[in-house]
Amino acid sequence: MDAPIHPGPYSRELLVLQGDHRSAHIWEGELLSQTLCARRVDDLRDFLRHRVLYERVVHRLQDTGFYRIIEIGRIQVDWALITTLIERWRPETHTFHLPIGEATITLQGVEVLYGLPVDGMPVSLPIAMRFMSRDAYLDMLQQLTGFRPQDETASSGASRLTLTPIRHHLELLHPDITDDTEELLDELPYYSWGAVVLGYMYSQMCRASMGTQRDVCGFMPLLQVWAWEWFLQFQPPRPQLPHTVAPPFLPLARRWVLRRTLSRVYDAHHNLPLYKDVLDLLEGEHVNMYLNLPGVD
């Protein structure tokens, strides 16, 4: 008689969170068709489509490397793919557990895929800021932007601010803005902003992989492009570029945007059962062990 299928790790000495892990709920028949979604609506592209960023804002975004994300363009997020990967994410090890071993996104991936800087000083929250009051945050906002919202709805709780009134203010920036806060931002290029993006995504995948969470935040296009580059069966078709367009080099995310067509089928598969089957049957030859850099043998 065949032995019963074991639903989880044989030893929980390391994977101590298995009892409430998403995979445990799936084994019990829950979440079988539930797809994670964005925790907040991402309307950045719509916001930028009808506005020209003020040149000093562009300059500061370039200092951090985040402007490259805007230049690369939008990638339609495949939430079925994101969900499948997070189901295999282990908070204990910060890796995806796969039939062929473990894998994870590294700082190198952040730099190669999206061009975000990973060298430099760490970005950390000063301990004093953890205990700042709402008024203290408003004072800092006024120091950095010259803006202090008066509406009580700008506050959320005792120590949080909502972004809507701040964004509405930034929409109205014009050429006579003062330079009083310039020196406060001069050190932006010296920080490792790519590490911040990766660390935050790690923490949000950890949250989403536990219990019966329905949403996730973080820079999910990074996770999606990483999966497209490493798992050959996940890659959507990439039609040939027009002869007038040179193949892009780095960041690699650019080639997925430039090669897409107007058809949704070329953006993503959006097939949760398919993705689960692919990972369940994953073998070594299905994995790109080396990032496929254009023009590099």
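**View 1. Asp186, partly exposed, reaches across the chain to Arg60.** In this predicted model, Asp186 has a relative accessible area of 41%, which makes the residue partly exposed. Its side chain meets that of Arg60 in a salt bridge, at 3.3 Å from N to O. This pair links distant parts of the chain: Asp186 sits in the loop between α8 (164–170) and α9 (193–208), while Arg60 belongs to helix α3, 126 residues apart.

**View 2. Arg60 also pairs with Asp63, within helix α3.** Here the closest N and O atoms of the salt bridge between Asp63 and Arg60 are 3.2 Å apart. Both residues lie in helix α3 (residues 55–64), and their spacing of 3 residues is about one turn of the helix. Arg60 counts as buried at 11% relative accessibility, and Asp63 is buried too, with a relative accessible area of 17%.

**View 3. Glu87 and Lys276 bring two helices together.** Take a look at the salt bridge between Glu87 and Lys276, where the closest N and O atoms are 3.4 Å apart. Glu87 is in helix α5 (residues 79–87) and Lys276 in helix α12 (residues 272–280), so this pair ties together parts that are 189 residues apart in sequence. Both Glu87 and Lys276 are buried.

**View 4. The wider setting.** Searching the whole structure gives 8 salt bridges. Shared partners join Arg60, Asp63 and Asp186 into one salt-bridge network. The chain has 12 helices and 5 strands, and 37% of its 297 residues are buried. Among contacts in the chain with a separation of 6 or more, 73% come from residues 24 or more positions apart.

Key. Residues are numbered from 1 along each chain as its sequence is written. This is a predicted model: local features need pLDDT of at least 70, side-chain atom pairs count only at pLDDT 80 or more; totals for chains, interfaces and linings use all residues. Side-chain values use heavy atoms; hydrogens and water are left out. Helices (H or I, at least four residues) and strands (E, at least two) are DSSP runs, numbered from the N terminus. Buried means under 20% relative accessible area, exposed over 50%, partly exposed in between (1.4 Å probe, protein chains only). Contact means heavy atoms within 4.5 Å. A salt bridge is a side-chain nitrogen of Lys or Arg within 4 Å of a carboxyl oxygen of Asp or Glu.
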